[in-house]
Amino acid sequence: MARNKYPEETIRLILDVAQRLFLKKGYEDTSIQDIIDGLGGLSKGAVYHHFKSKEEIFNAVGDRYNEQIIRGLKAVRDDPVLTGHAKLKKMFSLSLSSSDRDIVFTMAPNMLENPKLLAMQMREIFSDVVPHYMQPVIEQGVADGSIHTEYPKELSEAITMLTNLWLNPLVIETDVDSMEKRVRFFNLMLKNMGIELLDEQMLESYRRYCTLANQKNV
């Protein structure tokens, strides 16, 4: 069958159609059947051959956008000049300023109403981003003296958990003023450990994401 002969083309077609629908209708208002209807005759079986659920399709669409961010994280991690602390700050700046992140954010649903999707994303973050990017950079910071902690693994996990859950308005809804207070508290907490992570430009990114999330929930 064609889907077996050209699996990469089939996957690309599914993701292209799904991406267009997610941007137009939103994740929650897009069904698997909507995606199938847009595939020009491709069967439901062909879709489920590659993806078990709509959550998997959304994650795959997001992964395509996140490729640019991952390339940036790799470049920062492997920079031979920057200290661990400088790398950590640059990673956060890169993640918050990416235009691709804005697109994924626009497509994404309220995560508490989609716990399966949230669990899949958190599992991916903790199996990939934490051990391959966050933790190595913090360990370098400990080694070069720019970060002071006896718990680099736990610190990388805590930062990741707070930023992806507590500071994510798609998970915990909040207004812009409350988000700003959370971000400033988060920054102060890290500063007490000698880590100055977020600047005013990054704070403005959080304000923007919070505003976008509130508009989605109207």
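**View 1. The annotated DNA-binding region in the predicted model.** UniProt, in an unreviewed entry, places the feature "DNA-binding region" at residues 32-51. The structure shown is a predicted model. Helix accounts for 65% of the chain over residues 32-51, and strand for 0%. The C-alpha atoms at the two ends of this segment are 10 Å apart.

**View 2. The annotated HTH tetR-type domain.** The unreviewed UniProt entry also carries the feature "domain: HTH tetR-type", placed at residues 8-69. Over residues 8-69 the chain is 76% helix and 0% strand. Here the end C-alpha atoms lie 22 Å apart.

**View 3. The whole chain and its helices.** The chain contains eleven helices and zero strands. Its pattern along the sequence reads α-α-α-α-α-α-α-α-α-α-α. Taken along the principal axes, the box filled by the C-alpha atoms is roughly 60 × 40 × 25 Å.

**View 4. The two assigned domains.** The domain assignment divides the chain into domain 1, residues 1-52, and domain 2, residues 65-216. A distance of 31 Å separates the C-alpha centres of domain 1 and domain 2. Contact between them involves six residues of domain 1 and eight residues of domain 2.

**View 5. Buried area between domain 1 and domain 2.** The size of an interface is often given as the accessible area lost when the parts come together. Between domain 1 and domain 2 the buried area is about 590 Å². Carbon and sulfur atoms give 62% of this area. On the domain 1 side, Leu23, Tyr27 and Glu28 supply 73% of the area buried against domain 2, more than any other three residues.

**View 6. Polar and charged groups at the domain interface.** Two residue pairs are in polar contact between domain 1 and domain 2, both at pLDDT 80 or more. Zero salt bridges are found across the interface of domain 1 and domain 2. The residues on the side of domain 1 that touches domain 2 comprise three nonpolar, two polar and one charged.

Definitions and conventions
Residues are numbered from 1 along each chain as its sequence is written. This is a predicted model: local features need pLDDT of at least 70, side-chain atom pairs count only at pLDDT 80 or more; totals for chains, interfaces and linings use all residues. Side-chain values use heavy atoms; hydrogens and water are left out. UniProt positions are given in the numbering used here, feature names are shortened, and annotations may be inferred rather than shown by experiment. Helices (H or I, at least four residues) and strands (E, at least two) are DSSP runs, numbered from the N terminus. Domain bounds come from an automatic or database domain assignment. Contact means heavy atoms within 4.5 Å. Buried area is the accessible area (1.4 Å probe) that two parts lose on being put together, summed over both. A salt bridge is a side-chain nitrogen of Lys or Arg within 4 Å of a carboxyl oxygen of Asp or Glu. A polar contact is a pair of N or O atoms within 3.5 Å; within protein, one must be able to donate a hydrogen and the other to accept it, and residues adjacent in sequence count only if both atoms are side-chain atoms. Ala, Val, Leu, Ile, Met, Phe, Trp, Tyr, Cys and Pro count as nonpolar, Asp, Glu, Lys and Arg as charged, and the others, Gly among them, as polar.
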